[in-house]
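Biologist: Hey, have you got a minute to walk me through this model? I'm new to this, so plain words please.

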Amino acid sequence: MRFTCDTNELNASLSIVSRALAVRSPKPILEGILFEACDEGLRLTCTDLALGIETTIPASFAEEGRVVLPGKLLCEVVRKLPSGTVEFNISDRLQTTIRCAASRTTITGLDPVEYPELPRVEGPSFSMPQGVLRDMVGRTIFAIAVDESRPVLTGCLLEIGKSEMRVVALDGYRLALRSEIVDGPDKDVSAVVGGRVLGDIAKILADTEEPVELCFSRSHVQMNLGNTHIVARLLEGEFIRYRQILPEEWQSRVTVSRSELSSAIDRASLIAREGKSNLVCFKIDGETLDVTSNSEMGDVEEKITVTTEGKDITIAFNVRYITDVLKALSDDEIVMRFNSNVSPCVICPTQGERYLYLVLPVRVFNA
């Protein structure tokens, strides 16, 4: 096999497919990247069996063929090459010589016969802007579970109907939900994609209106964007019926400046993290929200002017859970809804239902 291609294009493609590179796999072949000639040019494929990525770039072939090259080493070699044209020459014994300008590197390849093919995905499909999907994932994925005792909760639930898509993540202490209007498939889809896999996919998606096509089967989801195709294995198991835990009523409703609340909690967290509980306390008294924290090192009190409907309330939270939610928001003002000091707090927009975050409080003696 012998071919030439542009160094920058190859480097960009390697950075995409290598997100599916297996690390310390019991199958050494999965630690490599498959190179093969195809009608579109040079096809690069990488998979760790949970995630598979395939992309193509233009290339000129003097001799066609296939080879698996060690992924981590190859990425480092190509990243350090100068701009221009790079030539690959693979011998019958899979010795691969890489030449670019005055540089020459030799790498030993692997026989591609054992490299697994990416699964074929057929089923309901639809398209949406890459930037929208990227945003939905980025603003929910922080709430996935890290405890693998319930593997299905280590992923995000994707619910797609004919006109709406929802991405949901929860870990037992907080819930994150984002919804968007889409031109969905004819058949409703409900699928759980692993958080690590979804995070890698989000890094590949561009923050643009360019479309990404999603196609679902019973066991996999495929995403097509330009010359790149991504296949991810779905998580098995029944996701928590999250709709049943969303409060429909509220006793207190507070409208607050997101930036003011975020700054107040940031300052309060400096003291809160010195304590064992890492707590921040909210006290709603009329049109004032008191944010307090204390530890053996001292205490903090922050006062914020808010708009309140309903009853006054005092409630405490793990400061990290509230901070994570605020980092996922960009609205100038947000709404917090409460029922009691032991019931979940719901954070939502002042208008509409494009997002909803739920955070469980911490029961304290004086709350």
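Modeller: Sure. One thing up front: this is a predicted model. Let's begin with a cysteine: C46 counts as buried, because its relative accessibility is 0%.

Biologist: Okay, and is C46 in a disulfide or in none?

Modeller: C46 is in no disulfide. The nearest cysteine sulfur belongs to C75 and is 7.8 Å away, while a disulfide needs the two sulfur atoms within 2.5 Å.

Biologist: What about C38, buried or exposed?

Modeller: C38 counts as buried, because its relative accessibility is 14% and the cut-off for buried is under 20%.

Biologist: And how many disulfides turn up in the whole structure?

Modeller: Zero, after a search of the whole structure. C38 is in no disulfide either: the nearest cysteine sulfur is that of C5, 12 Å away.

Biologist: Let's zoom out. How many helices and strands does the chain have?

Modeller: The chain has six helices and 26 strands. Its C-alpha trace spans about 80 × 50 × 35 Å along the principal axes.

Biologist: And what share of the residues is buried?

Modeller: Of the 367 residues in the chain, 52% are buried. Here's another one for the whole chain: take the contacts between residues at least 6 apart in sequence, and 67% of them join residues at least 24 apart.

Biologist: Can you show me that with a real residue? What does L51 touch?

Modeller: L51 lies in strand β4, residues 51-57. Leaving aside neighbours within four places in sequence, L51 is in contact with several residues, including R19, C46, V197 and I230. So there's our buried cysteine C46 again.

Biologist: Is L51 itself buried or exposed?

Modeller: L51 is buried, with a relative accessible area of 1%.

Biologist: New topic: sheets. In what order do the strands of the five-strand sheet come?

Modeller: The order is β5-β1-β7-β8-β9, in an open sheet with antiparallel pairing. β5 (60-63) and β9 (103-108) are at the edges with a single partner strand each, so one side of each has no neighbour in the sheet. On average, neighbouring strands in this sheet are turned by 20° against each other, ignoring direction.

Biologist: How many bridges are there between β1 and β5?

Modeller: Three bridges, in the antiparallel sense, with β1 covering residues 2-6. If you want a spot to click on, F3 stands opposite F61 in β5.

Biologist: Which helices lie across those strands?

Modeller: Helix α1, residues 7-17, lies across β1, β7 and β8, and runs at about 90° to β1. Helix α2, residues 71-79, lies across β7, β8 and β9, and runs at about 175° to β9.

Biologist: At what angle do α1 and α2 pack?

Modeller: They pack at about 145°, with axes 9 Å apart, and the crossing is left-handed. On the α1 side the contact uses T7, L10, N11 and L14, and on the α2 side L74, C75, V78 and R79. Those contact residues divide into five nonpolar, two polar and one charged.

Biologist: L10 is on that list. Buried or exposed?

Modeller: L10 is buried, with a relative accessible area of 0%. Apart from neighbours within four places in sequence, L10 is in contact with C5, F35, L44, I57, V78, V86 and F88.

Biologist: How far is L10 from T56?

Modeller: They are 46 residues apart in sequence, and 9.3 Å apart in space from C-alpha to C-alpha.

Biologist: Last topic: β11. Why is it called largely enclosed?

Modeller: Six of the six residues of β11 are buried, so the rest of the structure largely encloses it.

Biologist: Which strands does β11 pair with?

Modeller: One is β14: six bridges join it to β11, residues 155-160, and the two run antiparallel. I160 stands opposite V189 in β14, and C156 stands opposite V193 in β14. Another is β12, residues 164-170, paired with β11 in the antiparallel sense over four bridges.

Biologist: How does the chain get from β11 to β12?

Modeller: Through a hairpin with three residues in between. In the pairing, V168 in β12 is the bridge partner of L157.

Biologist: And β14, how many of its residues are buried?

Modeller: Five of the six residues of β14 (189-194) are buried, so β14 is also largely enclosed by the rest of the structure.

Definitions and conventions. Residues are numbered from 1 along each chain as its sequence is written. This is a predicted model: local features need pLDDT of at least 70, side-chain atom pairs count only at pLDDT 80 or more; totals for chains, interfaces and linings use all residues. Side-chain values use heavy atoms; hydrogens and water are left out. Buried means under 20% relative accessible area, exposed over 50%, partly exposed in between (1.4 Å probe, protein chains only). Two strands pair if DSSP finds at least two bridges between them. Axes are lines fitted to C-alpha atoms, for helices over the stretch in contact, and angles run from 0 to 180 degrees between N-to-C directions. Contact means heavy atoms within 4.5 Å. A crossing is left-handed if the near helix is turned anticlockwise from the far one by less than a right angle, and right-handed if clockwise. Ala, Val, Leu, Ile, Met, Phe, Trp, Tyr, Cys and Pro count as nonpolar, Asp, Glu, Lys and Arg as charged, and the others, Gly among them, as polar.
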